[in-house]
Amino acid sequence: MNRPSYPSDLTDAQWTFIEPHLPSIGESTFCETVSRRELVNGIRYVLRSGVQWRMLPHDLPNWRTVYFYHNLWAKNAVWERVNAALISEERERKGRKAGPSAAVCDSQSVKTTQKRGARGYDGNKKIKGRKRHIATDTDGNLLACRTTPANEGEREGMKPVLNIVKQNHATLKKVYVDGGYSGEPFKVWGKTTLNLDVEVVLRQDAGVTVKDGIATLATSTPTPEEFTMAVSLARTGGKGFKVVAKRWVVERTFAWLLNFRRLKVDYEERIDVSEGFVYLAMSCILLTRLFA
């Protein structure tokens with residue numbers, strides 16, 4: 001590599017790990033002049049910095065070549081396989097089994113640009129764009145991701161994700177979700193279709209409304225703990241931020257992913273390319289953790 005390095009470049013140890021998971025780029029004279037490592041460095045540069053493809057620095061491969069291979073590898077689930085291999089390595093490093101027994105699921109709506117492509121309006125978050133449905137293990141490692149238009153419901157959007165996770169990890173038995181996935185039909189689907197126990201984890205102050213310093217409980221016969229909580233909320237004037245047991249893990253993963261500027265807005269026309277960037281971002285996090 002005869003150029004100054006960028007912070008997004010792969011180290012030798014990182015490249016040694018992912019190289020066997022990348023397909024060959026061909027045997028033509030043109031392809032032989034392109035380094036796969038430099039292709040990955042170019043894709044990682046776009047992901048980390050958020051620049052347009054045409055603004056890729058000239059000392060990296062031509063932006064058309066980098067764009068072509070990212071699209072091809074995303075379509076063929078290459079980044080998904082790289083991420084899965086890294087998760088197994090990370091879990092074994094921590095002394096855990098390679099296959100998780102529990103997952104934490106959630107969704108996140110992000111804006112899109114004026115480009116063509118599937119999109120919708122999330123009336124709850126007031127966002128026009130797409131929704132990322134993800135499942136993580138209890139360490140926050142990304143097990144599966146699917147992107148849909150933002151108007152897709154949480155439960156319907158999560159079903160393909162859980163199908164993928166269960167297909168890849170037969171050891172999965174338990175799933176933790178938030179109130180957006182509540183309802184008996186979703187629990188029954190999880191149990192009968194995938195043999196998964198779905199547990200809805202709510203905030204302790206769920207059902208409590210605070211207005212003008214007055215806290216209103218959802219029940220007329222509160223327990224002493226609920227009454228004490230309502231008094232505390234009335235004094236503070238609102239609910240505020242609360243760390244919710246089990247669910248905080250997937251929220252942290254969303255925060256990790258948004259450190260990559262390309263993911264703050266969904267710029268991609270194709271959904272599979274968008275999902276490829278999500279898997280690649282998690283792979284970057286794990287590569288840094290394992291081979292810093």
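The turns below go through some salt bridges of a predicted model.

Me: What kind of model is this, and what do its values rest on?
Reply: This is a predicted model, in which local features need pLDDT of at least 70 and side-chain atom pairs count only at pLDDT 80 or more, while totals for chains, interfaces and linings use all residues. Residues are numbered from 1 along each chain as its sequence is written, and side-chain values use heavy atoms, with hydrogens and water left out.

Me: Why is the pair Glu-38 and Arg-3 called a salt bridge?
Reply: A salt bridge is a side-chain nitrogen of Lys or Arg within 4 Å of a carboxyl oxygen of Asp or Glu, and the closest N and O atoms of Glu-38 and Arg-3 are 2.8 Å apart, so the pair meets that rule. By this rule the count comes to 20 salt bridges.

Me: Why is Glu-38 called buried?
Reply: Buried means under 20% relative accessible area, exposed over 50%, and partly exposed in between (1.4 Å probe, protein chains only); Glu-38 has 13%, and therefore counts as buried.

Me: What makes Lys-94 partly exposed?
Reply: Its relative accessibility is 42%, which falls between the two cut-offs, so Lys-94 counts as partly exposed.

Me: How do you know that Asp-139 forms a salt bridge with Lys-94?
Reply: The closest N and O atoms of Asp-139 and Lys-94 are 3.9 Å apart, which is within the limit, so this pair also counts as a salt bridge. Asp-139 itself is buried, because its relative accessibility is 15%.
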